[in-house]
Amino acid sequence: MVKNLIIFTDLDGTLLNFKTFEFRSILPFIEDLKNRGIKIIPSSSKCFSEIEHIVKDIGLNGPFIVENGSAIYIPKNAIKQIPINAMEEGEYWVLKLGTEREIINKKIRQKDFKDYMRFILFLKNMTKLQQSYYTGLKSDSLNRSLDRKYGEPFIWMGSKEYLDEFKKSLNEEGLSIFSGARLMHLTGLNSKGDAMRELLNDHGFQNIINVDSLEDITTIACGDSENDLSMLEIADYAVVLRLPGKNTLKLKRKSNSFNSIKVAPEGWKETLLEIDLIKKILDT
Ligand SMILES: [Mg+2]
């Protein structure tokens with residue numbers, strides 16, 4: 001019997017094309033997966049406003065993970081049991097895991113970080129033209145991307161060695177830096193892997209998918225960048241997307257790991273179809 005299958009997927013460069021953010025060519029495949037009861041849970045460094053917009057466009061109606069594991073949004077109508085520790089926010093129950101933006105900003109104003117700050121250009125302080133250049137986004141999409149609650153995107157203008165030193169001192173303050181496909185992000189110590197674990201352990205969520213224990217769930221994680229490693233290493237199957245012009249992400253795990261040949265979005269479909277379990281479910 002095929003167990004409950006959940007796909008945790010990054011968006012940029014994984015489900016969405018890195019340059020054009022296109023996904024429409026694989027919509028029929030996504031429909032097929034949904035119709036067979038496979039859950040697709042986006043997990044991105046994008047913020048709530050951006051992911052909600054994309055999720056509605058794709059036609060997904062389940063939970064999603066925002067800002068690199070900082071919070072999990074579960075639509076109220078998708079769940080009978082209120083998740084433990086959930087906060088109410090509009091149409092959603094929210095599990096907050098990350099450090100709030102105000103706290104991050106307060107922490108980095110300390111004098112210990114003053115020297116590092118000279119090499120940082122925060123996205124929020126750029127001109128609209130620069131913001132558009134560095135994010136690859138325009139108008140409404142750009143505005144949505146600025147509506148973040150758990151981190152500050154930035155570009156680093158110093159050396160790699162100095163950045164490593166900065167990362168170390170941030171860790172001591174409960175902060176970290178992760179590299180997305182385009183920008184770096186200053187955040188708390190949250191990760192996509194931790195958020196994935198949190199959601200799977202939530203009884204309210206287990207209720208949505210009608211399972212009594214984690215044993216009944218099979219997971220697939222899909223990603224393309226360093227910040228996806230935490231979920232790629234712990235899922236039952238890992239799908240790694242190739243990014244144009246970059247070396248394919250290397251995983252520690254050896255088993256049940258699949259690399260795409262094509263880029264997103266086609267690479268997402270192509271590689272998932274290499275997994276026997278997916279083939280089996282789609283063939284029934
Ligand atoms: Mg990505």
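**Figure 1. Strands S5 and S6 pair in the antiparallel sense.** In this predicted model, strand S5 covers residues 87-89 and is joined to S6 over three bridges. Met-87 has Val-94 of S6 as its bridge partner. The two strands form a hairpin, with two residues between S5 and S6. Gly-90 sits in the turn of this hairpin and has a positive phi of about 55°.

**Figure 2. Strand S4 runs antiparallel to strand S6.** Strand S4 is made of residues 71-75 and strand S6 of residues 92-96. Five bridges link S4 with S6. Within this pair, Ile-72 is placed opposite Leu-95 of S6. Strand S6 also pairs with S5, again in the antiparallel sense.

**Figure 3. Asn-85 occupies the loop between S4 and S5.** Its phi is positive, at about 65°, although Asn-85 is not a glycine. Is Asn-85 buried or exposed? Asn-85 has 12 C-beta neighbours inside 10 Å, and therefore counts as exposed.

**Figure 4. Asn-68 lies in the loop between strand S3 and S4.** Strand S3, which comes before this loop, spans residues 64-66. Asn-68 is not a glycine, yet has a positive phi of about 55°. What is the environment of Asn-68 within 10 Å? There are 30 other C-beta atoms within that distance, so Asn-68 is buried.

**Figure 5. Five strands make up an open sheet with parallel pairing.** The order of the strands across the sheet is S2-S1-S11-S12-S13. Which strands are at the edges? Strand S2 (39-42) and strand S13 (257-259) are the edge strands, and each of them pairs on one side only. From one strand to the next, the twist averages 20°. In general, the strands of a sheet pair through backbone hydrogen bonds, and the pairing is either parallel or antiparallel.

**Figure 6. Strands S1 and S11 pair in the parallel sense.** Strand S1 consists of residues 4-9, and strand S11 of residues 217-223. How many bridges connect S1 and S11? The pair is held over six bridges. At one position of the pairing, Phe-8 has Ala-221 in S11 as its bridge partner.

**Figure 7. A cis peptide bond joins Ala-264 and Pro-265.** The omega angle of this bond is about 5°. Pro-265 belongs to the loop between S13 and helix H11. Helix H11, on the other side of that loop, covers residues 266-272. Strand S13, where the loop starts, is an edge strand of the five-stranded sheet.

**Figure 8. Ser-132 is part of helix H5.** Helix H5 spans residues 128-135. Ser-132 has 15 C-beta neighbours inside 10 Å and so counts as partly exposed. Which residues does Ser-132 touch, leaving aside those up to four places away in sequence? They are Leu-137, Lys-138 and Leu-142. Ser-132 and Phe-8 are separated by 124 residues in sequence, and their C-alpha atoms are 28 Å apart in space.

**Figure 9. Domain 1 and domain 2 meet at a contact region.** Domain 1 combines residues 4-98 with residues 191-283, whereas domain 2 takes in residues 101-187. The C-alpha centres of the two domains lie 25 Å apart. On the domain 1 side, 19 residues are in contact with 13 residues of domain 2. Which helix gives the most to the side of domain 1 that touches domain 2? Helix H2 (residues 48-58) does, with three residues. The residues on this side of domain 1 comprise four nonpolar, nine polar and six charged.

**Figure 10. The protein chain as a whole contains twelve helices and 13 strands.** Its radius of gyration is 19 Å, close to the 19 Å that the globule rule gives for 284 residues, so the protein chain is as compact as a globular protein of that length. The C-alpha atoms fill a box of roughly 60 × 40 × 40 Å along the principal axes. Of the 284 residues, 38% count as buried. Among contacts with a separation of 6 or more, 62% are between residues 24 or more positions apart.

Note on methods:
Residues numbered from 1 in each chain as written. Predicted model: local features only at pLDDT ≥ 70, side-chain atom pairs only at ≥ 80, totals over all residues. Helix = DSSP H or I, 4+ residues; strand = E, 2+ residues; numbered from the N terminus. Rg over C-alpha atoms; globule rule 2.2 N^0.38 Å. Buried ≥ 20, exposed ≤ 12 C-beta atoms within 10 Å, placed from the backbone. Contact = placed C-beta atoms within 7 Å. Domains from an automatic or database assignment. Nonpolar A, V, L, I, M, F, W, Y, C, P; charged D, E, K, R; others polar. Pairing = 2+ DSSP bridges. Axes fitted to C-alpha atoms, helices over the stretch in contact; angles between N-to-C directions.
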